[in-house]
Structures are given as structure tokens and as C-alpha cells.
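Visitor: Could you walk me through this one? I'd like to start with the basics.

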Amino acid sequence: MKKIILLLGIAFIIAALILTGCAKPQATTTPTAKPTVTGAQPVYGGTVRVINSAGPRILGYSLEQGPMDLFVLLCAAEKVVEYNEKQELVPHLAESYKIDENAKTITVKLRKGIKFHDGSDCDAEAIAWNYKYQTENKRVGYIDQWDYMEIKDKYTLIIHYKGDYNNQLLNAWLWSPPMYSKAAFEKAGNGDIEKSKDWARQNVSGTGPFRQYAFQRDVSLTMVRFDDYWGGKPYLDKIEYLFIPDPVSASLKMQAGEAELWFGVPIKDQLTLEQAGLKRIVGQPSVSMLIPNLNSPDSKWHNKDLREAVEYALDKEGMAKALGFGYYSPAKMVAPKGVWGYSESWPGRNYDPNKAKELLQKSGYKGATVKVLVLTGTAVDTATAVKRYLDDIGLNCEVDIADPGRYYGSLYGTGWEDLILGGFGVLGNSLQAFHMNLGDQPLTRMGSWSLPSELVSLSKQSRTYPDEAGQKEAAGKLYMALSEGAYLIPIYQVESASIASPKFHITYGQESGFTQYWARYWLEK
Amino acid sequence: MTAYIIRRLIMAVIIIVIVTILVFCAIRLLPGDPLIIFLGQNANIEQMSQERIEQLRHEYGLDRHPVVQYFDWIGGVLRGDLGRSITYRDNVGKIMAERFPVTLHIGLTAFILGNAFGILLGIVAALRRGRWMDTVVTIISYIGISIPVFWLGFLLIYFFGLKLRWLPITGYVSPFVDFWQSTKSIIMPAICEMITGMAVIARQTRSAMLEVSRQDYIRTAWAKGLRERYIVVKHMLKNSLIPVITLLGIGVGMIFGGSVLVETVFAIAGVGRLLVTSVFQQDYIVVQSGVLVISSIVILSNLIVDISYGWLDPRIRYG
């Protein structure tokens, strides 16, 4: 009997080994080229199933909506202006917009005939209602510059601002807030504002090419074609968002053909799925970086030598190669390669452990304990590599792995002790990204990092350029100053990527930032 | 018997109160602030103002003394109000009502099938002791006990979802919407949830059956020339079930514990996934209320198990 059990056990282990061995080997070389479809003509119809790791908590109640909520609603909610593929702000719900520096006004002329999903008009009154909510609750940036707005006629809205010209007002006021139906909101509550809010948390009524059909929290969001869409009939009939938290399940679902698009794919799965014949759609670049605690008065990170020592200690190229499966590249600046502010001439701080040791010695922090706060998951590998390099130069690095709650609570709220591993992405253009996240009046505050006082005037000045050339130059100065001061320590550059079925034609990735033109996407029969 | 049940019910209430206090304290000991986590997701500096945080803290009653918070919550629970989720900005009772039927559907299916197959396999193994069937059952039960549930989930998805395309990889369909699709959607999750319990039950049944089979009254039954089926069902099985029944009570807890992993792997929005999300978000009220409901069910199941001993073994009497 014992022999039989032993033999069966051995057989099981051998079978398991054979099964494992039969799996496709994972290449660590540069991934294959993107499959391209040429000559295909758009066709109407079809349902696209889209995988996202998490569903929205809040749908159409903009005051409680976060970026992750909005991301899956981009097919339903639209803004007054949008970014195009050249990183230019272009009118979207607006027919045109104009800033008058002398009168201190922004005049928005809306397109005529735009309808919300509930059938009500998207006119100046509806837009003004959205702005009223946003400004009263301080949801838009540069609120101190907001004076008042006036409805000139049914399709013209004039926003009056205070203070000096600010090139970020268009981003903050016209691009950031999505527009929702006033009529639907008020009708849902029938005079009871709390009822209206509860309705809006679970429903969305925007102007986008797809309207809400069904929503099951944490399960799915089904959107169907909005036949009255102002931009013409969308190609797809339906979009079904599926919220799948586990990447292995999501990857298998893509391979099985049970979904056509997967947003925010982990790097390892990008490689697997690309090798399986699926399409990799490259989106906006971002830089993975170490963010030092510059806010605490007694923080050791005010010492530039220490910050520089850390940057010189990191073998960024080695890390990018080892961790990125061919998709990462070493980053020398916080501005990703190819965007405004990236400088080819800046040499960066390349791996030089001896120089790192010298600088560490000079800083007086040799042997000091350094805590790196990191979000649980794939970033832990990066933090582990960082620890090894920092230990090598004579620091005592401790990796502190935090669950999302503690991580984001620290990043955006309570702060961190030494370093936090984070990322910097460019959604619109890089000047806008700077002001939104890093500037002297950021929309997103970090718990232990704010713009060093010596860069505040440069930051303010960068908002005064109305022309693109001036803005580009200002972005260059800002990112260079961040690099020279080693205020942020870039590690490697990542391109956010989605994976799509070869039959699904999508231009997302070519579009800039937080923009998806769902009316243009189509599915082969 | 009635006195015993009343005593156990009082004990159950005490245990539930202790559990609620433990969970209430444990979740608050975690580093981080649920409001900052919630507001942090808005990624809006103005929303993170101290004024706004304090306003929300007051709205959720988090500015009060923890003892007051506890009694406020318990008071609400007794009135049928489980509280309001910080993350979902909705009533917890409503959220639980959405999630519970899903977990219960899969869990009950796994519970019934797992126990039925477990007992059956245990009987077969005991009756065919030392033969190939016993060996197969032994191997299956060892695998069932040792295999990580999430890994089994991925294996099932790989073979039945990806390679054979027989079953949907993720998701759940209500039986009231489409019974056939619903059955297909719960096969793999139910297998994952039942496997460990089934294996343990099979081992326990086998061992108990073998123990009973050596008893004098079984030998007497054989000597009397009774039919095998009668001896097995009437004499052996019933007397072997007491330790197995104990495991059934524990199995209810295992079903809810397993749902945490299974619902994540199969992207099913049940109570398990809700609790995982809520722990990460430090959504106090959802965690407290979820644990309260689950612990009540587990304690009640164990009470039923304890009472059933008397039916299975007349020698057991409750004072």
C-alpha cells in the first residue's frame, strides 16, 4: 500500500512538473512589435468588454468622484475642452473658448444641440450649474482666482477671474470637471437634495457617446450607445466594463477571448498577452520615483548630498532591465522622455556607487536608517532593489510594505518618514501635470512633499506664459530645477499600457491624457 | 433541552459581543485614517482640507469617543441600521443585501456538495480499506487539504475556462436571471470553496467509520446476518457522524473564510470581496457589520450542530 501511495505521489509530482514545463517560457528580451491592422474599415455594431481592476465607487456625483471613478466614465462624461494627440487643448463641448487678459474673462461658446443622456439640453445654464457645484465645494484648482460667471445667452458662458493671467486656468476650469445633467439630478431627488445625491452616486447622465444601462457595484458597468450623441453615431453598440481585481484571472479572460480590452495591465501580463497575439496599446508615460520627505522640518532629506547619494546609488538601467521585461527604460528626469521639460542635455545621475558613498560620507548620514514606504504588489520588487543599492553604499534601508489604505493615506494625507516609492504621470501636457501634482498650488497634495521654496517663484512664473513656446520653455526650467536639486529621485520610465484584442480598433494612447474618444472606436465583425 | 438552548443562546450573544469589540478595536488599531484614504482617492487638495476632514469625521461620528462610537453602532444594529459606508457612501445593510445572496449561493452549494461528497468518499474509503479506492480517496483528500484555494482556482480557470472553454472564467449570474448560466458560473468557485472541507470530512468519516466498525454491536449486526447497506447506514454511519457533524459547524466558518479568496480570484462581488476591499479602505462600519453578520451565522450553525448531537446519540443529554 505504501508503495502505491509513494508511486502515485511521484506520478503526481512528475505530472505537475511536466505541466509546468510545458508552459511557454517567458522572454526577458524586448517584446515583439505591435500587430497592426491595415486597410480595415470601421463597422457599426458589437459589444466591447473592458476589464478594469476596480469599479467606480461614485458615478455621476462629481463632488465625491475621484480619478479612478471618472476613468471608467470617460465614455459617458465629457468636458468643455479636451486634449488632442498633440497635447493641445481643443474645444470639445465648447465650440470655442477665449481668454481676454484685459477683461479677465474666459468666454466659452458651447456647441448647439448637445443633449445629456436624459434628453435635457447641454446649454450655458447646465454648464454653469456644474461650475456652481464645483466652485462652491472647492473642487476646481485656483479657486482663489474664480470671481463669478455670467450666462450671456443660451450657449455662451463668461467666467470672470481675479488676479493675474494664469495659463493653468483652462486646465483647471475647462478641462478638469466633467459635465453632468442638472435636470436629471434635480428630477431624481424631486426637491430632496440628499435623494439627488444618492441617485447621482449610482447613476451618470452626461453627454458622452454612451449612456448608462446597468451598474452593479464592483461587478460591472454596462453602457449602451447614445443615439443622440452630438459627435455622430458611435460605432459600438455597447461597452461592458468588468471589474476584475486579480490580474491572473484578467489575463486568462483576455486569452480566452472573453474581453476585448484590459486597462492598466501589469507589466508581466503585457508581455504574456502580447506574445499570445494581443495588441499592446501604449498610453501616457510616467516615471517611477522615490519621493523624499521635504516637509518635516527635521527631515534628513533637506540635505542635497544625501538625495544625490541615493540617486547615484541606484543602478537604474539594471533595475529597468530586470524589472521591466523590456518595457521600462532608465529615467534621468521626472519628466518622461518625449514630453515638454525633458532635456536630452541633462546627463542625469548615472549609477556610480563610489560617488554615492562619497556624497553620503559628506552628508553625514552614513549608516543612517532609511525607510522606503511602498505599496504592496509589484512595486515591492522595485523597493527591494532600492534597498539593496542603498545598503551597498552604507545606508540601512528598511522597506515598509503598506496596504493601499495606509499607502494612499500616507501619500496624500499623513505623510511618510523618509522615502516613498511613487510615480509621476503626464495626463495632459507636462506643464499641466507639474502644476497639478508638484506646483506651488497643486490640486493633489502629497503628505510629505511640497515644492521647495526656492522653486516657488519659478513655478508661479511658468503660469504667466500664454503661448506654447513660452510654456514649453517654462516646463523645461521647472523640470531641470527639480533634477538639479534632486528633489525627486527618478528611477525608471514606464508607459501605461492597455491590452486589446486585434479585432478591436482603438486610438486610446494616441490621445493625450485623461481622454478617450469612445465614439471613434470600433470592433471588427 | 430548552434550558440548554437558552443558555447557549446567551453564550452566543456574549461571544458575538466579544467578537464585535475585538473587531471594533482591531480595525481602529490599523495605521491610517479611513477619511484620508477616502479623500485621498479624490486626489483633490481642497477636499483634503482639515475643515473637510473634520466635517466628514463628524458626519460619520468618528470624532466621538470610541466607546460612544461602539454603542452608537450597536444601537443602530439593534434598530436594524448597520450604518453607512465611508467608501461607498451608502447604507451598509443595502450593500450587504446585494452581496450576501451571492456568497450564500456559492457557499451553500459548496457546503452541501462538499459534505455530501466528503461523507460519501469517507464511507467508500472505510468500507474498502486498503484497496485501490481507499488509496484514491486518501490521495484526493490529501490534495484537498494541502492545495491552496487560489491556486486551485487558477488551475480550474486555465483548464475549464481557457483550454476547454466550458465555463466562464469570472463573474456570477443570479439563478433568477439565468439558471443555466448561473450554474455554470458557480461550478469553479464552489469546487474551490468545497475542496478543503470535503477532504477533511472524508478523512474524518473514514476514520470514524473504521473506529465504529470495530465495535461489538457492529460485529453482532454482521453475525445476525443483516444486510451490509442496513449495517452501514443504520449502525455505522449514524454512530460515526458525531465527530463529522462537529466539522460541519466549523465548515460554515471555512466557507466564509474561503469566500475571501475565491471571490477575488473569480471576480465575484460577494461578502468576502466586500470585506477585503473594506479592510484595505479601512471602512470601519462595513468591516464591523460584515464580521458581525458572519460571526452570528457561524455561532448559530455551531449551536445547531451542538443540538443535533442529542438526536444522533441518545446517550447525550443536556442539563
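Guide: Here is a short tour, from confidence to contacts.

Visitor: Okay, what kind of model is it?
Guide: This is a predicted model, where local features need pLDDT of at least 70, side-chain atom pairs count only at pLDDT 80 or more, and totals for chains, interfaces and linings use all residues. Residues are numbered from 1 along each chain as its sequence is written, chains are lettered from A and ligands numbered from 1 in the order in which they are written, and side-chain values use heavy atoms, with hydrogens and water left out.

Visitor: And what is pLDDT?
Guide: pLDDT is the predictor's confidence in each residue, from 0 to 100. Chain A averages 89, and 91% of its residues score at least 70. Over residues 19–38 of chain A the pLDDT is below 50. That stretch still has 28 contacts in the model beyond near neighbours in sequence; contact means heavy atoms within 4.5 Å.

Visitor: How should I treat a stretch like that?
Guide: Where pLDDT is low, the predicted coordinates should not be read in detail.

Visitor: What about chain B, and the complex?
Guide: Chain B has a mean pLDDT of 88, with 96% of its residues at 70 or more. For the complex, the predictor gives an ipTM of 0.84 and a pTM of 0.85.

Visitor: How much area do chain B and chain A bury between them?
Guide: About 4100 Å², 60% of it on carbon and sulfur atoms. Buried area is the accessible area (1.4 Å probe) that two parts lose on being put together, summed over both. The contact takes 45 residues from chain B and 46 from chain A.

Visitor: How many salt bridges cross that interface?
Guide: The rule finds 5 between chain B and chain A. A salt bridge is a side-chain nitrogen of Lys or Arg within 4 Å of a carboxyl oxygen of Asp or Glu. Over all chains the count is 36.

Visitor: Any polar contacts across it too?
Guide: The interface of chain B and chain A has 11 residue pairs in polar contact, both residues at pLDDT 80 or more. A polar contact is a pair of N or O atoms within 3.5 Å; within protein, one must be able to donate a hydrogen and the other to accept it, and residues adjacent in sequence count only if both atoms are side-chain atoms.

Visitor: Which element of chain B gives the largest share of the side that touches chain A?
Guide: H7(B), with 6 residues. Helices (H or I, at least four residues) and strands (E, at least two) are DSSP runs, numbered from the N terminus.

Visitor: Show me one bridge between the chains.
Guide: Take A:Asp218 and B:Arg99, whose closest N and O atoms are 2.6 Å apart. A:Asp218 is in the loop between strand E8 (210–216) and strand E9 (220–225) of chain A, and B:Arg99 is in helix H5 of chain B.

Visitor: Is A:Asp218 buried or exposed?
Guide: A:Asp218 is buried, at 4% relative accessibility. B:Arg99 is buried as well, at 1%. Buried means under 20% relative accessible area, exposed over 50%, partly exposed in between (1.4 Å probe, protein chains only).

Visitor: Got another one?
Guide: B:Arg89 and A:Glu64 form a salt bridge, 2.6 Å from N to O. B:Arg89 lies in the loop between helix H4 (66–78) and H5 of chain B. B:Arg89 is buried, at 5% relative accessible area.

Visitor: Anything odd about its backbone?
Guide: Phi of B:Arg89 is near 50°, a positive value in a residue other than glycine. Most residues other than glycine have a negative phi. A:Lys104 also has a positive phi, near 55°. A:Lys104 is in the loop between strand E4 (94–100) and strand E5 (105–110) of chain A.

Visitor: Now bridges inside chain A?
Guide: A:Arg201 and A:Asp198 meet in one, 2.7 Å from N to O. They are 3 residues apart in helix H6 (residues 193–202) of chain A, so about one helical turn separates them. A:Arg201 is buried at 4%, whereas A:Asp198 is partly exposed at 36%.
Guide: Another joins A:Lys316 and A:Glu311, at 2.7 Å from N to O. Both A:Lys316 and A:Glu311 are buried.

Visitor: Where is A:Glu311 found?
Guide: In helix H9 (residues 304–313) of chain A. Its contacts, leaving aside neighbours within four places in sequence, include A:Lys332, A:Arg349 and A:Pro490.
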